[in-house]
Amino acid sequence: MTILCVRFQLPPTREADLPRLLGMLEEFTPVVQALPPDGALADLRGAERYFGRDALELASVIRVRSLALYGVDCVIGAGPGPMLARVALRDAVPGVTCAVPEEQDAIAEYLADKPVAALPGVGAATARTLGDYGLDTLGRVAAAPLSTLQRLVGAKAGRELHEKANGVDRGRVVPNAVSRSLATERPFVRDELDPDRHRRALLSAAEEIGARLRALEKVCRTLTLTVRYADRSATTRSRTLNEPTAHSPDLTRAAYGMYEALGLQRARVRAIALRAEGLDPADQASHQLTFDPVDEKVRRIEEVADRARAKFGPRAVMPGGLGGLAA
């Protein structure tokens, strides 16, 4: 095992602690890739030689140090590559590192019974398409002809899916930093099936993100949606906006677009989170002017609503679609 995938059990109110936790990982290896909002990949090839311990032993030290220094537990998956480490993370629990074997035959055996959605990058729509043809496990996908997969999901995606299902992990850990970002989450009281309630949560989150950006005089270039499910799995999608913005309707449209692209049907959703990334000063951003008087009117109304919220509280002015929704 040379790669760890670590997910820190950070509540939304402590997401700002992620840079410090990444700094702790960098005490073991400089090859750390942030996976906001609460995770990271770490390449321990050099660390194993330096510390004279294997990756699983180092994973135990990382967990103890995270708890001792920051009071944050974590779950850890280990594997010979980043993709396999992320798959292992799905089976990990606090206190026990889940590891994918290194031998190719053992990797294939480990993956065989996993659902297709266990692969990073495989969303609900792709999994449903494959499932319609009986390709609902990675073992069946690995055994399927490459031409069949390419016909179902496309040439490039089919080739990558075939390789990953057979345990071929061509990924690498790319060191990066946590983007300057703002995040908010909307948990449901009970696992929620109703798409209308999902959309109301998205609207509420986008309104909050927009208001916070404008209060800070910032705009964002990227919006990330995370949907957490009843089985504790999650799907994350990001979208680069047409132009940097803090305009709530633009953020809402982007959030709705990502949600609809997931193709969720009867999904039991536990929480929905939005993160605005790539923040820049608003006075340095450009805005494409339009000849639509409605757009200009909406922006002026937004300015008035912001002043009202600043004076009377965040619930002083809300979209009509949020009537009765808890803040």
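In this predicted model, Asp191 and Arg268 form a salt bridge in which the closest N and O atoms lie 3.7 Å apart. The two partners come from distant parts of the chain, being 77 residues apart. Asp191 belongs to strand S6, which covers residues 181-192, whereas Arg268 sits in the loop between helix H11 (248-262) and strand S9 (269-281). Both ends of the pair retain some access to the surroundings: Asp191 is partly exposed, with a relative accessible area of 21%, and Arg268 is likewise partly exposed, at 46%. The value for Asp191 places this residue just outside the buried class, because buried means under 20% relative accessible area.

A second pair brings together Asp43 and Arg45, whose closest N and O atoms are 2.5 Å apart. Here the partners fall into separate accessibility classes. Asp43 counts as buried, at 7% relative accessibility, while Arg45 is partly exposed, with a relative accessible area of 48%.

Turning to Arg197, this residue forms a salt bridge with Glu192, and the closest N and O atoms are 3.9 Å apart. That separation still qualifies because the salt-bridge criterion is a nitrogen-to-oxygen distance within 4 Å. Glu192 is buried, with a relative accessible area of 14%, and Arg197 counts as partly exposed, at 42% relative accessibility. Elsewhere, Arg186, Glu208 and Arg212 are joined into one network by salt bridges that share partners.

These examples belong to a broader set, as the structure holds 14 salt bridges. As a rule, side chains of opposite charge can pair when their charged atoms come close.

Conventions
Residues are numbered from 1 along each chain as its sequence is written. This is a predicted model: local features need pLDDT of at least 70, side-chain atom pairs count only at pLDDT 80 or more; totals for chains, interfaces and linings use all residues. Side-chain values use heavy atoms; hydrogens and water are left out. A salt bridge is a side-chain nitrogen of Lys or Arg within 4 Å of a carboxyl oxygen of Asp or Glu. Buried means under 20% relative accessible area, exposed over 50%, partly exposed in between (1.4 Å probe, protein chains only). Helices (H or I, at least four residues) and strands (E, at least two) are DSSP runs, numbered from the N terminus.
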